[in-house]
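Colleague: Got a minute to go over some helix packing with me? Put the model up and let's talk it through.

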Amino acid sequence: MSETLEKLRAEIETINYAVLELLSRRAGLVTRIHDLKSAAGMPAFVPEREQRMLEELVRRNRGPFPDQTIRHLFKEIFQASVALQDAEAGRVLKTSRARQSGDLRIQIGDAVIGGAPVVVAGPCSVESEEQIESAAAFVASLGLRFLRGGAFKPRSSPYSFQGLGPLGLELLGRAARRHGLCAVTEVVDPRHVDLVCQHAHVLQVGARNMYNYELLREVGRTRTPVLLKRGLSATVDELLWSAEYVVLEGNEQVILCERGIRTYETQTRNTLDVSAVALLRQRTFLPVVVDVSHAAGRRDILAPLGRAALAAGAQGLMVEVHPCPAVARSDAEQQLDYAEFERFLEEVGLRRPAHGADQPWSAPEIEAPLRQASAG
Ligand code: PEP
Ligand code: MN
């Protein structure tokens, strides 16, 4: 009796191994079919074909398993094959460190993002010619290269100041050029991308638009670097997927920006997610910067947040600076005045010797907002 049992058990095991081998062979065929189909631009998954295969299997079923069980078992096998294709199509993101170990350095004129830490400073919004001119002169006098200023402001309330729009772009671009700075400004609408490209060196996609895939595709069709902010409650994966939308259109110059996420804490406007900085630096070769102003929503803890960001690997900091924060038309409570900003630079260790007026920066050329010939 025990001899028979042993024999039967051994036979079962032999069958298991044969089934395993057949499953592996099947997977190999599925992969080859998938490659042929993707080369021919055919859809990977055809539900009608799966349905036909299931019907034929049931028709051939002579028991002992009921048809329902056969259907269930083969459905599992089919699904495992689809999952295998998904895994093999890699979903290794184009911006993954697995593809390129070195950091991407984005060159804009003679300024670089992705190497030594840079500072992007300027007012929350462009409010007037005098205001942005003053901020540009101040930022340049500190030897910094990046001037921020919103012309299109995505405000939580429709009654809040919405920005000066095209005039704001013009004023920002002019002030930046005059002082040899790179202009960084937000674009909120796919229809404005060309216009913003004519005035800015870096297109900012704001937190509220991180999931705006049409906007991401549109900035991806330009050759202007993109500063992509993390959504208010976006995961690290979601931020990387959003960057992928831009890169897939051909624009590989994407800078990721951690700007705080929503949590239950009310003492800060958002919670600066330092882990995200470390994770992003580990997972992608794209430059990572941190906007401490929107993370904190207050001005008194920006320096420690900046230090934490740099310690975690951030390659730049964004800070809101205004000639007179008390009268700012947006984010008055978080913008630094000039003296506070100089102290901030000291405290985060990014204060450089003042840039000599005898050796002014020259404004980098703005890339022509030409679209690469797209497939369509
Ligand atoms: C901004 O930087 O001007 C801004 C609106 O920030 P966020 O999109 O991160 O809220
Ligand atoms: Mn702001």
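**Helix packing**

Modeller: Sure. In this predicted model, helix α7 (residues 213–220) packs against helix α8 (residues 236–248) at an angle of about 45 degrees, and their axes are 6 Å apart.

Colleague: What do we call α7 relative to α8, then?

Modeller: That angle makes α7 oblique to α8, since roughly parallel would need an angle under 35 degrees and roughly perpendicular 65 to 115.

Colleague: Right-handed or left-handed, the way α7 passes α8?

Modeller: Right-handed.

Colleague: And which residues make the contact?

Modeller: On α7 you have Y213, L216, R217, V219 and G220, and from α8 come S242, Y245 and V246. Sorted by class, that contact of α7 with α8 has 5 nonpolar, 2 polar and 1 charged residues.

Colleague: OK, switching to α8 and helix α9. Within what distance do their axes come, and at what angle do they cross?

Modeller: Helix α9 is residues 274–283, and its axis comes within 11 Å of the α8 axis, with a crossing of roughly 45 degrees. So α8 and α9 are oblique to each other.

Colleague: What's the handedness of the crossing of α8 and α9?

Modeller: α8 and α9 make a right-handed crossing.

Colleague: Which residues of α8 meet α9?

Modeller: V236, D237, L239 and L240 in α8, and they meet A276, L279, L280 and R283 in α9.

Colleague: How many nonpolar, polar and charged residues in the contact of α8 with α9?

Modeller: There are 6 nonpolar and 2 charged residues in the contact of α8 with α9, and no polar ones.

Methods:
Residues numbered from 1 in each chain as written. Chains lettered and ligands numbered in written order. Predicted model: local features only at pLDDT ≥ 70, side-chain atom pairs only at ≥ 80, totals over all residues. Heavy atoms only, no water. Axes fitted to C-alpha atoms, helices over the stretch in contact; angles between N-to-C directions. Helix = DSSP H or I, 4+ residues; strand = E, 2+ residues; numbered from the N terminus. Parallel < 35°, antiparallel > 145°, perpendicular 65-115°, else oblique. Left-handed = near helix turned anticlockwise from the far one by under 90°. Contact = heavy atoms within 4.5 Å. Nonpolar A, V, L, I, M, F, W, Y, C, P; charged D, E, K, R; others polar.
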